[in-house]
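Me: I would like to go through this structure with you. Could we take it topic by topic?

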Amino acid sequence: FIGYDNLEAQVKITRYRKVESAKEGEIFQLVFNYTPFYPEGGGQVGDRGALESANGDVIYIIDTKKENNLIIHFTKSLPADLSASYLAKVGPDLRSRTESNHTATHLLHQALRSILGTHVEKKGSLVNEHHLRFDFSHFSKMTHEELLEVEQFVNARIRENLALEENRSLTYQKAIEQGAIALFGEKYADVVRAIRFGESMELCGGTHVKNTADIWYFKIVSEGAVAAGIRR
């Protein structure tokens with residue numbers, strides 16, 4: 001995966017298969033030698049985009065997932081020449097909006113822990129180009145004042161223009177010593193990727209904005225219970 005640094009790359013198809021889906025019908029799954037496409041994971045949806053041939057033919061990549069340590073690209077058709085080189089291009093607008101929502105979940109987590117208390121833990125999330133959803137541990141419904149305070153906290157971090165500080169080669173132990181938040185029950189490798197924006201630091205494999213100002217604005221549209229002691 002080279003998608004932290006690139007949204008385009010010349011790629012070769014290393015394997016493919018056809019699958020029949022009750023929902024989608026005939027689908028093709030392609031694996032490249034390397035890819036700028038982020039595969040669904042950590043609450044973040046997979047990238048979408050296109051595969052362009054030298055003569056201008058385009059095949060659209062409609063989803064990206066990970067399976068057995070391979071990044072799988074979903075298409076509705078196969079390229080004409082499976083041995084040729086292709087330009088793989090991630091949809092930039094979709095990626096940038098998704099990144100804004102992903103970074104916002106980190107700032108939201110920081111805000112909830114600062115305002116409600118450090119008992120708050122992330123219990124799940126969904127991040128796409130339209131919105132974010134964040135599940136967290138808390139024992140009561142949030143008040144209007146608390147919701148307003150959380151919004152103001154996140155928007156203050158956005159206005160601070162906090163730059164992304166990324167470390168892709170920290171040992172797990174070192175990251176925890178530096179204050180990174182790791183999710184309870186999650187399995188981490190010995191070497192981890194840490195994402196920091198100001199005082200917010202989390203272990204995360206997802207993609208993020210380069211600066212919190214890119215998020216523009218944060219708004220909570222709903223808050224409610226999803227399970228005993230879990231709010232969304």
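What follows is a short exchange on a pocket, a surface patch and several individual residues.

Me: Before we start, what kind of model is this?
Reply: This is a predicted model.

Me: Let us begin with the largest pocket. What is its volume?
Reply: The volume of the largest pocket is about 810 Å³.

Me: How many residues line the largest pocket, and which lie nearest its centre?
Reply: The lining consists of 31 residues. Nearest the centre lie Glu186, Leu203, Cys204, Gly205 and Gly206.

Me: Which elements give two or more residues to that lining?
Reply: Helix H1 (92-115) does, together with strand S7 (122-127), strand S10 (191-197) and strand S11 (200-203).

Me: And which element provides the largest share?
Reply: S7 does, with four residues of the lining.

Me: Changing topic to the surface. Which residues make the nonpolar surface patch of about 280 Å²?
Reply: Val58, Tyr60 and Ile62 make that patch. Of these, Tyr60 belongs to strand S4, which spans residues 58-67.

Me: Is Tyr60 buried or exposed?
Reply: Tyr60 counts as exposed because its relative accessibility is 58%, and the cut-off for that class is over 50%.

Me: Now Pro79. Where is it in the chain?
Reply: Pro79 is in the loop that runs between strand S5 (70-75) and strand S6 (85-90).

Me: Buried or exposed?
Reply: Pro79 has a relative accessibility of 6%, so it counts as buried.

Me: What does Pro79 contact beyond its neighbours within four places in sequence?
Reply: Its contacts are Ile13, Leu30, Leu51, Ile59 and Tyr86. For the pair Pro79 and Ile13, the C-alpha atoms are 9.4 Å apart, with the two positions 66 residues apart along the chain.

Me: What about Arg157, where is that one?
Reply: Arg157 is part of helix H2, which covers residues 144-159.

Me: Why does Arg157 count as buried?
Reply: Its relative accessibility is 16%, and buried means under 20%. Setting aside residues up to four places away in sequence, Arg157 touches Leu107, Gln110, Leu162 and Thr212.

Me: One last residue, Glu160. Where does it sit?
Reply: Glu160 lies in the loop between H2 and strand S9 (165-171). At 43% relative accessibility, Glu160 counts as partly exposed.

Me: How far apart are the C-alpha atoms of Glu160 and Tyr4?
Reply: They are separated by 23 Å, and the two residues are 156 residues apart along the chain.

Note on methods
Residues are numbered from 1 along each chain as its sequence is written. This is a predicted model: local features need pLDDT of at least 70, side-chain atom pairs count only at pLDDT 80 or more; totals for chains, interfaces and linings use all residues. Side-chain values use heavy atoms; hydrogens and water are left out. Buried means under 20% relative accessible area, exposed over 50%, partly exposed in between (1.4 Å probe, protein chains only). Contact means heavy atoms within 4.5 Å. Patches are made of residues with over 30% relative accessible area and no salt bridge: like charges are joined within 9 Å, nonpolar side chains (Val, Leu, Ile, Met, Phe, Trp, Tyr) within 5 Å. Accessible areas come from the Shrake-Rupley method with a 1.4 Å probe; for residues, only the protein chains shown count as cover. A salt bridge is a side-chain nitrogen of Lys or Arg within 4 Å of a carboxyl oxygen of Asp or Glu. On a 1 Å grid over the protein atoms alone, a cavity is a set of points where a 1.4 Å probe fits but cannot get out, and a pocket is an open set with protein on both sides within 12 Å along at least five of seven lines; lining residues have an atom within 4 Å of a point. Grid points are joined across faces, edges and corners, and a volume is the space filled by probe spheres set on the points.
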